[in-house]
Amino acid sequence: MYRVRRTRLDDTAPAAGRATVNRRDILLDDRHITDTGAIALEAVLNALPPYGAGESKFGGPEGPQS
């Protein structure tokens with residue numbers, strides 16, 4: 001699950017992120033995205049399938065390559 005949040009970040013970092021087993025957090029500087037934009041981005045990210053069509057988590061249609 002993705003969570004997108006707006007916050008004030010350092011001037012040199014417009015975005016930051018972190019991942020745990022169950023969640024991915026994306027922090028965006030509030031000077032660069034609106035509340036509506038953050039909500040829309042979160043909705044799109046959570047609607048994506050975990051892997052592309054015909055792919056596995058190992059990177060290809062058949063899994064790991066020998």
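These legends accompany close-up views of a predicted model.

**View 1. Three strands form one open sheet.** The strand order is β1-β3-β2, and the pairing is mixed. Strands β1 (2-7) and β2 (15-19) stand at the edges. Each has a single partner strand, so one side of each is left without a neighbour in the sheet. On average, neighbouring strands of this sheet are turned by 15 degrees against each other, direction ignored. Strands of a sheet pair through backbone hydrogen bonds, either parallel or antiparallel.

**View 2. β1 and β3 run parallel.** Strand β3 spans residues 24-29. It is joined to β1 by 6 bridges. Look for Tyr2: its bridge partner in β3 is Arg24. Helix α1 packs on the sheet and touches β1 and β3. The direction of α1 makes about 165 degrees with that of β1.

**View 3. β2 and β3 run antiparallel.** Here 5 bridges join the two strands. One pair to find is Gly17 with its bridge partner in β3, Ile26. A hairpin of 4 residues leads from β2 to β3.

**View 4. Glu42 of helix α1 is in contact with residues from the start of the chain, including Tyr2 and Arg3.** The helix covers residues 35-47, and Glu42 lies in it. Leaving aside neighbours within four places in sequence, Glu42 is in contact with Tyr2, Arg3, Val4 and Arg5. Glu42 and Val4 are 38 residues apart in sequence, yet their C-alpha atoms are 5.4 Å apart in space. With Arg5, the link is a polar contact between side chains, at 3.1 Å.

**View 5. The largest pocket has a volume of about 190 Å³.** Its lining includes Met1 and Tyr2. Val21, Asn22, Arg23 and Arg24 also line the pocket. Leu45, Asn46, Leu48 and Pro49 complete the list. By class, the lining has 6 nonpolar, 2 polar and 2 charged residues. Two of the lining residues, Tyr2 and Arg24, also appear in View 2 as bridge partners.

Methods
Residues are numbered from 1 along each chain as its sequence is written. This is a predicted model: local features need pLDDT of at least 70, side-chain atom pairs count only at pLDDT 80 or more; totals for chains, interfaces and linings use all residues. Side-chain values use heavy atoms; hydrogens and water are left out. Contact means heavy atoms within 4.5 Å. A polar contact is a pair of N or O atoms within 3.5 Å; within protein, one must be able to donate a hydrogen and the other to accept it, and residues adjacent in sequence count only if both atoms are side-chain atoms. Two strands pair if DSSP finds at least two bridges between them. Axes are lines fitted to C-alpha atoms, for helices over the stretch in contact, and angles run from 0 to 180 degrees between N-to-C directions. On a 1 Å grid over the protein atoms alone, a cavity is a set of points where a 1.4 Å probe fits but cannot get out, and a pocket is an open set with protein on both sides within 12 Å along at least five of seven lines; lining residues have an atom within 4 Å of a point. Grid points are joined across faces, edges and corners, and a volume is the space filled by probe spheres set on the points. Ala, Val, Leu, Ile, Met, Phe, Trp, Tyr, Cys and Pro count as nonpolar, Asp, Glu, Lys and Arg as charged, and the others, Gly among them, as polar.
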